[in-house]
Amino acid sequence: MVSEHSIQLARGREEIDRCYPVMRQLRTALSAEEFASRVELQQGEGYRLAFLEHEGAVVALAGFRVMHVLWSGKTMYVDDLVTNEVMRSRGFGERMIDWLVTEARSEECKTFSLDSGTHREAAHAFYFRIGLRISDFHFQMPL
């Protein structure tokens with residue numbers, strides 16, 4: 001199980017860049033430069049990038065935002081959640097979720113949600129195990 005590690009928000013380009021190797025495992029189409037510039041752009045829109053380190057390396061991260069939506073009120077939405085594939089099943093993902101939920105509660109959010117690609121069965125098993133449930137379908141259309 002994970003010993004107590006602090007989760008930090010990426011502040012500045014150096015910390016964003018340190019997160020890229022793990023994020024690349026989830027967002028495979030993004031180059032390092034594209035990742036950093038999108039994070040910086042989205043930070044201006046309320047996006048936050050949290051990361052967990054273990055033995056000097058980033059092992060898990062979450063990109064999220066707090067926003068208001070009509071159907072539920074104030075919510076935390078997790079855009080990106082990934083643990084380094086070689087570090088999975090060691091409690092890092094659960095530690096990140098626990099931290100996110102604590103943050104959401106401290107910000108008085110009424111809901112916590114995320115989307116997950118339909119092909120990510122292992123992630124879905126993890127989400128079910130920690131108490132998340134499917135509440136909606138997400139539909140999209142490329143433009």
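## Cysteines and disulfides

Let's start with the cysteines: a search through the whole of this predicted model turns up zero disulfides. A disulfide, as you will know from the bench, is a covalent bond between the sulfur atoms of two cysteines.

Two cysteines are worth a look here. Cys19 has a relative accessibility of 0%, so it counts as buried. Cys109 is buried too, because its relative accessible area of 14% falls under the 20% cut-off.

## The sheet

Now turn to the strands. Five of them form an open sheet in the order β1-β2-β3-β4-β5, and the pairing is mixed. The edges are taken by β1 (7-9) and β5 (111-114); each has a single partner strand, so one side of each has no neighbour in the sheet. From one strand to the next, the twist averages 30°.

At the β5 edge, the partner is β4 (residues 73-83), and the two strands pair in the parallel sense over four bridges. If you want a spot to click on, try Val78, which stands opposite Leu114 in β5.

## A closer look at Arg48

Arg48 sits in strand β2. With a relative accessible area of 22%, Arg48 is partly exposed. Leaving aside residues up to four places away in sequence, Arg48 touches Leu9, Ala62, Gly63, Phe64, Val66 and Glu107.

The fold also brings Arg48 and Ala10 together from separate parts of the chain: they are 38 residues apart in sequence, and 7.5 Å separates their C-alpha atoms.

## Helix α3 and the largest core

Helix α3 (residues 92-106) lies across β1, β2 (48-54), β3 (57-69), β4 and β5, and runs at about 165° to β4. One residue to pick out is Met96. Not counting residues up to four places away in sequence, Met96 touches Ile7, Ala50, Phe51, Leu52, Ala60, Leu61, Ala62 and Leu81.

Met96 also belongs to the largest nonpolar core, a set of 23 residues in which Leu81, Met96 and Leu100 have the most contacts. At least two residues of this core come from each of β2, β3, β4, α3, β5 and α4. The biggest contribution is that of α3, with six residues.

## Helix α1 and another core

Apart from the largest core lies another one, of 17 residues, among them Ile16, Cys19, Val39 and Leu49. Two of these names come back in helix α1 (residues 13-23), whose buried residues are Ile16, Cys19, Tyr20, Val22 and Met23. These five cover an arc of only 165° around the axis, which puts them on the same side of α1. Their cover includes α2 (32-43), β2, β3 and β4.

## Helix α4 and its two faces

Helix α4 (residues 121-129) has Ala123, Phe126 and Tyr127 as its buried residues. Because they span an arc of only 100° around the axis, they lie on the same side of α4. What do the buried residues of α4 pack against? Their packing partners are β4, α3 and β5.

The face of α4 turned away from that buried side carries the exposed residues Glu121, Ala122 and Arg129. Just after the helix comes Gly131, with a positive phi of about 105°.

Notes
Residues are numbered from 1 along each chain as its sequence is written. This is a predicted model: local features need pLDDT of at least 70, side-chain atom pairs count only at pLDDT 80 or more; totals for chains, interfaces and linings use all residues. Side-chain values use heavy atoms; hydrogens and water are left out. Two strands pair if DSSP finds at least two bridges between them. Axes are lines fitted to C-alpha atoms, for helices over the stretch in contact, and angles run from 0 to 180 degrees between N-to-C directions. Contact means heavy atoms within 4.5 Å. Buried means under 20% relative accessible area, exposed over 50%, partly exposed in between (1.4 Å probe, protein chains only). The arc is that of the directions from the helix axis to the C-beta atoms. A disulfide is a pair of cysteine sulfur atoms within 2.5 Å. A nonpolar core is a set of buried Ala, Val, Leu, Ile, Met, Phe, Trp, Tyr and Cys residues joined through side-chain atoms within 4.5 Å.
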